[in-house]
Amino acid sequence: MRNEKRPGGGLPHILLCFCPLLLVLAALYLIFGDDRQINLFFRAYRPEHPDLTFWVRLFTVWGNSCFYVLYGIIFLAGWRRADRKLLGLALAYALAQIAVSVFLLRILKIGIGRPRPQVDGPWRPLAAFNPSYQSMPSGHATEIIISCLPLAGCLKKYWFSACMGLLIAAMGFSRVYIDMHYASDVLAGAFTGLFGAWAVRRLHKNRRFQAATDRLCRWSEAKRP
C-alpha cells in the first residue's frame, strides 16, 4: 500500500501554524494587561486609522470564505481526477467544519453565554440564540485553524506552514481589533479549531471513510464519457 500524506500531521507544521497566534495574543496581554484593556485600546484606535480598519474588516469577513472556495476547488479536482486523496481531504474538511464549527461551536457559545465586548453585563449561559452573548469561543478562529492545519499537514512545507500560521494569527487579531471578541475568546476558538483539525485527520485515516471515498472515486470514473 502506498504511503499517503495525511492532513494535520507533523508537529513542526502544527507549531508553525499555531504559535504565531499564541505569540500575538501573548503580546497583547503583555502590553495591555487584560481583555478589557486590549479592546478599549483598539476601540479608540480604529476611528483614527480608517484605512487599516477597512482592510482588517475586509479580511475578517472574507478570509474564511476564501478557504471554502479553495476546498471546493480541491473537491472538484479530486472528482475530475478520481483522486482519493483530494476527495478525502475535501470531504473530511467539510464534515469537520459542520460538526465542529456549526454544531459544537454553537453549543459552546450558547452554553457559555459570554457577552461580546460591546455588551455590558454578566455572562448569560444558555441565553437562547442571542448573538450578543455568543462571544466565546471565536468561530472565525476555529474555522480558519480547521482550514489551515490540514493543508499544512498535507503539503509539509515549512514556508507554507508559516504562511498558514500568519493567516491564522491575522484572523485572530482581526476579531479583537474590530471588537467582536476578547483575546481569550480567540484563544478558546484556537483550541476548538485544533480539535476540528484533529477530527479532519482522524476522519481521513478512518478505513470506512477511505472505503467510501474509494467508492466515490470509482463512481466518478464510471460517470466519465
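1. A quick term before we start: a residue counts as buried when its relative accessible area is under 20%. Keep that in mind for the charged pairs below. Also bear in mind that this is a predicted model.

2. Let's take Arg114 and Asp185 to begin with. Their side chains meet in a salt bridge, with N and O 2.7 Å apart. Arg114 sits in the loop between H4 and H5, while Asp185 belongs to helix H7, and 71 residues separate the two, so this is a link between distant parts of the chain. Are they buried or exposed? Both Arg114 and Asp185 turn out to be buried. There's a third member here too: salt bridges with shared partners join Asp35, Arg114 and Asp185 into one network.

3. How many salt bridges are there? The count comes to four. As a general point, side chains of opposite charge can pair when their charged atoms come close.

4. Another pair to look up is Asp179 with Arg43, a salt bridge whose closest N and O atoms are 2.9 Å apart. Asp179 is in the loop between helix H6 (158–177) and helix H7 (183–205), and Arg43 is in helix H2 (residues 35–45), so the bridge ties together parts that lie 136 residues apart in sequence. The two ends have their own settings: Asp179 is buried, with a relative accessible area of 3%, whereas Arg43 is partly exposed at 32%.

5. Then there's Asp214 with Arg84, again a salt bridge, at 3.3 Å from N to O. Asp214 lies in helix H8 (residues 207–223) and Arg84 in helix H4 (residues 84–112), so parts 130 residues apart in sequence are tied together. Here Asp214 counts as partly exposed, at 25% relative accessibility. Arg84 has 19%, and because the cut-off for buried is under 20%, Arg84 counts as buried.

6. Now for some helix packing. Helix H1 (residues 11–32) packs with helix H5 (residues 139–155) at an angle of about 150°, and their axes are 8 Å apart. Angles over 145 degrees count as roughly antiparallel, so that is the label for H1 and H5. The crossing of H1 past H5 is right-handed.

7. Which residues make that contact? From H1 come His13, Ile14, Cys17, Phe18 and Leu21, and from H5 come Ile145, Leu149 and Ala152. Sorted by class, the contact of H1 with H5 has seven nonpolar residues, one polar residue and no charged ones. If you have the structure open, that list of side chains is a handy way to find the H1 and H5 contact.

Notes: Residues numbered from 1 in each chain as written. Predicted model: local features only at pLDDT ≥ 70, side-chain atom pairs only at ≥ 80, totals over all residues. Heavy atoms only, no water. Axes fitted to C-alpha atoms, helices over the stretch in contact; angles between N-to-C directions. Helix = DSSP H or I, 4+ residues; strand = E, 2+ residues; numbered from the N terminus. Parallel < 35°, antiparallel > 145°, perpendicular 65-115°, else oblique. Left-handed = near helix turned anticlockwise from the far one by under 90°. Contact = heavy atoms within 4.5 Å. Nonpolar A, V, L, I, M, F, W, Y, C, P; charged D, E, K, R; others polar. Buried < 20%, exposed > 50% of the residue type's maximum accessible area, 1.4 Å probe, protein only.
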